[in-house]
Amino acid sequence: MEKQSVNRVVLIGTGAVGCSYAYSCINQGVAEELVLIDVNEKRAEGEAMDLNHGIPFAPSPVNVWSGTYADCDKADLVVITAGVAQKPGETRLDLLAKNAAIFKDIIRSVMDSGFDGIFLIATNPVDILTYVTWKESGLPAERVIGSGTTLDSARFRYLLGQYFHVDPRNVHAAIIGEHGDTELPVWSRTNIGLDSIDSLLARNKDYNQKDLDEIFVNVRDAAYHVIERKGATYYGIGMSLVRITNAILRNENSILPVSVYLDGHYGHSDVFIGAPAIINRSGIREVMEIELNRVEKDQFDHSVKMLRETMTSIV
């Protein structure tokens, strides 16, 4: 994949999630070119105009415009947030049939442009739609990435930081599995700074596993709580996507829990699911196979099983 003289990101979908991503990209100076595509062309034009009016305050120059699929030809990264949004009372998997059909058309249009970069998928159910993207695009699996459990892990770290009264950036913890109801916390690998959760619980009786279990439930159900109150979630996922974008475009070799293709990892194959991976300019450099305890392994197996059962209707 030949490096372009500037980093071009194409965003497909200018709804709340897409625009939160675009806004964060500009504020963090992530790319030199940002192209907005939407089925509602006037919406994309308006968003590009509005974003451009803030360029004088951006940390670095960026060229933003509303474009077409032809602009994907020179893109380093295509980010897809388009699709039907999750409604109150609706699970991410309920969205599958609606969004799978939309995605197949989008991917074909992107590939027809000559695109040879990396896909980053955010639309739900993200694990299955990342699989659809991989199948439809024909690209190597390492160049198709889903947002996975990056946001879930951020929510997890934030709530643990509040509980232990520490900066969430010093909380080393992850949610893995499906980005949805069968996701799981990796308690056995969770650390506050350099201290393990188990050590903290043993030393300080103010902390207990019951509270931690409640924190996880709040993480797992966070989207439902936000949707109930404001109708949608978008700031957190927008910033999560920018974090992944930075890891790719800046060749960081960062470790993030994204939706990746398993090829024998954790005893599973032919499925995309949230797991820690090393991310750089080539996409997924390596899927990290961390050691899970028995309970975590069973929960992860269950999560894979549920994704497989749901996927049968569209792949």
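1. On the cysteines: in this predicted model, the sulfur of Cys 19 lies 11 Å from the closest cysteine sulfur, which belongs to Cys 25, and that separation is too far for a bond. A disulfide would require a pair of cysteine sulfur atoms within 2.5 Å, and the structure accordingly holds 0 disulfides. Seen from the other partner, Cys 25 is likewise in no disulfide, its nearest cysteine sulfur being that of Cys 19, 11 Å away.

2. On the burial of these two residues: Cys 19 has a relative accessible area of 15% and is buried, and Cys 25, at 6% relative accessibility, also counts as buried. Both assignments follow because buried means under 20% relative accessible area.

3. On internal space: the structure holds 1 cavity of 30 Å³ or more, and the volume of the largest cavity comes to about 50 Å³. Cys 25 takes part in the lining of the largest cavity, together with Ile 26, Gly 29, Val 30, Ala 31, Glu 33, Leu 34, Ser 60, Pro 61 and Val 62.

4. On the make-up of that lining: helix 1 (16-28) and strand 2 (33-37) each contribute at least two residues to the wall of the largest cavity. Sorted by class, the lining of the largest cavity comprises 7 nonpolar, 2 polar and 1 charged residues.

5. On the geometry of helix 10: this helix runs over residues 294-311, and at 1.5 Å a residue its 18 residues should span 26 Å, a value with which the 26 Å between its end C-alpha atoms agrees.

6. On the two sides of helix 10: its buried residues are Glu 296, Phe 300, Ser 303, Val 304, Leu 307, Thr 310 and Met 311. They cover an arc of only 130° around the axis, and therefore they sit on the same side of helix 10. Arg 294 and Val 295, on the other side of helix 10, are exposed.

7. On Ile 55: this residue is found in the loop between helix 2 (41-52) and strand 3 (63-66). With a relative accessible area of 19%, Ile 55 is buried, and the assignment rests on a cut-off of under 20%.

8. On the relation of Ile 55 to helix 10: Val 304, one of the buried residues of that helix, is 249 residues from Ile 55 in sequence, and the two are 43 Å apart in space, taken from C-alpha to C-alpha.

Conventions. Residues are numbered from 1 along each chain as its sequence is written. This is a predicted model: local features need pLDDT of at least 70, side-chain atom pairs count only at pLDDT 80 or more; totals for chains, interfaces and linings use all residues. Side-chain values use heavy atoms; hydrogens and water are left out. On a 1 Å grid over the protein atoms alone, a cavity is a set of points where a 1.4 Å probe fits but cannot get out, and a pocket is an open set with protein on both sides within 12 Å along at least five of seven lines; lining residues have an atom within 4 Å of a point. Grid points are joined across faces, edges and corners, and a volume is the space filled by probe spheres set on the points. Helices (H or I, at least four residues) and strands (E, at least two) are DSSP runs, numbered from the N terminus. Ala, Val, Leu, Ile, Met, Phe, Trp, Tyr, Cys and Pro count as nonpolar, Asp, Glu, Lys and Arg as charged, and the others, Gly among them, as polar. Buried means under 20% relative accessible area, exposed over 50%, partly exposed in between (1.4 Å probe, protein chains only). The expected span of a helix is 1.5 Å times one less than its number of residues. The arc is that of the directions from the helix axis to the C-beta atoms.
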